[in-house]
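Have a look at the model below before reading on. The notes after it go through pockets first and then a helix and one of its neighbours.

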Amino acid sequence: MKLYSKMMKNGFLCVMLLITTVSYCQSSEQKKSESFTVYKGTNIAHWLSQSGRRGEERKQFFTKADVKAIAAMGFDHIRLPIDEEQMWNDDVERHDDAFELMDNCIKWCEEYNLKVIVDLHILRSHHFNAKEKPLWTEAKEQEKFFDLWRDLSKALSKYPNSLVAYELMNEAVADDNESWNKLLKNAFAAIRELEPKRTIVIGSNRWQSVDTFDALKVPENDKNILLSFHFYTPFLLSHYNASWTNLKGYEGPVHYPGVLLTEKEFNTLPKNVKPSVKRYVDVKFDKEILLELWQKPIQKAKSLGLSLYCGEFGIIEGAPKKEALAWYEDMMALFKETGIGHANWNYKSGSFGLVADDGTPYQELIDIITNKK
């Protein structure tokens, strides 16, 4: 009888141990399934952001076939920029056709096992390159910004936390870092009231620069945050002869790796372009220097126990090809060495695309970005 009782007791303990083990595994799997982790992605620019396309033209510009192609390249996510003027009217009423496109895109991504970062890219009150930005001076514009996120949450909260993340705002450019920190805190709180566990992507002031990352105040005691920086350094190479910058008209030499522009080369340039490139003379860049420039975001993420993400990087079409591809190779090597997730700017169209508007691939670049070289 004692032996039977002992066997029953041992059996009970085994069953309890089994139940505990199964529960732990289920809990671990559940946490894993709810997490939002990204490694290699691409931006879907000039579709729901920074584009005049509307109606059927916009609908056909980016389709399920593009999502399939992105997945086939080996990407695990997309960053989806959206603009206020495309998604809502002045009264924060939805443009249903734009929301339908966004929904379709997310569903296509889910089908092809791609995650999505929805990035509120440009506001009517804030463009990262505009001189006047009412967002920083008018309380009503700040409250409108919070309302945009409240409405986005209503539309997107149906998607699993493991599928969709929210990027508060692309490239905030405030006159002082505290203005961005304050706005960030309030926008973050507005989302958290509705979605406590959604991953929120946060960048630093002044174009998500690495230089200002140490001034970024990250909401405390929240692990569902992805820290994001953008990187287009050296600018002389990444924005070579870019029409919207002070490098417009520059068609002179630029070198990478090594000294960007020698003094001898500078002295031969036309007088009208010298002021815009003078600061690059005898300045050196290489892989090691790029990594040094990343240290502020790396240290910030490490100190907070958060993941780090480079949401944009790229070289403009028309820049010296050899130098551009060498830079991309160094960037991809650094991402691999540091474990930093990333999304190149961008997938299609514009002057930074992996494929042209007509779908023609820039295969040499694709091979580097996707580590197939």
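What follows is a short tour of two pockets, helix α7 and Asn205 in this predicted model.

**The two pockets**

Let's start with the open spaces. Here they are side by side:

| Pocket | Volume | Lining residues by class |
|---|---|---|
| Largest | about 930 Å³ | 13 nonpolar, 14 polar, 5 charged |
| Second largest | about 400 Å³ | 11 nonpolar, 9 polar, 2 charged |

Which residues lie nearest the centre of the largest pocket? Those are Glu171, Trp207, Tyr232, Phe235 and His239, out of a lining of 32 residues. Helix α8 (205-208) and strand β6 (225-231) are the elements that give two or more residues to this lining.

The second largest pocket has 22 lining residues, and Phe36, Leu226, Leu306, Ser307 and Leu308 sit nearest its centre. Here the elements that supply two or more residues are β6, α13 (295-304) and β9 (307-313). So β6 turns up in both lists: it contributes at that level to the largest pocket and to the second largest one, as the definition of elements by DSSP runs lets us track.

**Helix α7**

Now for the helix. α7 covers residues 177-194, which makes 18 residues, and it spans 27 Å from its first C-alpha to its last. That's close to the 26 Å expected at 1.5 Å a residue.

At the start of α7, Asp176 puts a side-chain oxygen within 3.3 Å of the backbone nitrogen of Glu178.

Which residues of α7 are buried? The list runs Trp180, Asn181, Leu183, Leu184, Ala187, Phe188, Ala190, Ile191 and Arg192. Their cover includes two helices, α6 (139-156) and α8, along with the strands β4 (164-167), β5 (200-203) and β6. Two of these, α8 and β6, have come up already as contributors to the lining of the largest pocket.

**Asn205**

Helix α8 is also home to Asn205. Is Asn205 buried or exposed? Its relative accessibility is 3%, and anything under 20% counts as buried, so Asn205 is buried.

The side chain of Asn205 has a polar partner: it reaches the backbone nitrogen of Ala174 at 2.8 Å. Beyond its neighbours within four places in sequence, Asn205 is in contact with Ala172, Val173, Ala174, Asp176, Asn177, Trp180 and Thr212.

Some of those names tie back to α7. Asp176, a contact of Asn205, is the residue whose side-chain oxygen reaches Glu178 at the helix start. Trp180, another contact of Asn205, is one of the buried residues of α7.

How values were computed:
Residues are numbered from 1 along each chain as its sequence is written. This is a predicted model: local features need pLDDT of at least 70, side-chain atom pairs count only at pLDDT 80 or more; totals for chains, interfaces and linings use all residues. Side-chain values use heavy atoms; hydrogens and water are left out. On a 1 Å grid over the protein atoms alone, a cavity is a set of points where a 1.4 Å probe fits but cannot get out, and a pocket is an open set with protein on both sides within 12 Å along at least five of seven lines; lining residues have an atom within 4 Å of a point. Grid points are joined across faces, edges and corners, and a volume is the space filled by probe spheres set on the points. Helices (H or I, at least four residues) and strands (E, at least two) are DSSP runs, numbered from the N terminus. Ala, Val, Leu, Ile, Met, Phe, Trp, Tyr, Cys and Pro count as nonpolar, Asp, Glu, Lys and Arg as charged, and the others, Gly among them, as polar. The expected span of a helix is 1.5 Å times one less than its number of residues. Buried means under 20% relative accessible area, exposed over 50%, partly exposed in between (1.4 Å probe, protein chains only). Contact means heavy atoms within 4.5 Å. A polar contact is a pair of N or O atoms within 3.5 Å; within protein, one must be able to donate a hydrogen and the other to accept it, and residues adjacent in sequence count only if both atoms are side-chain atoms.
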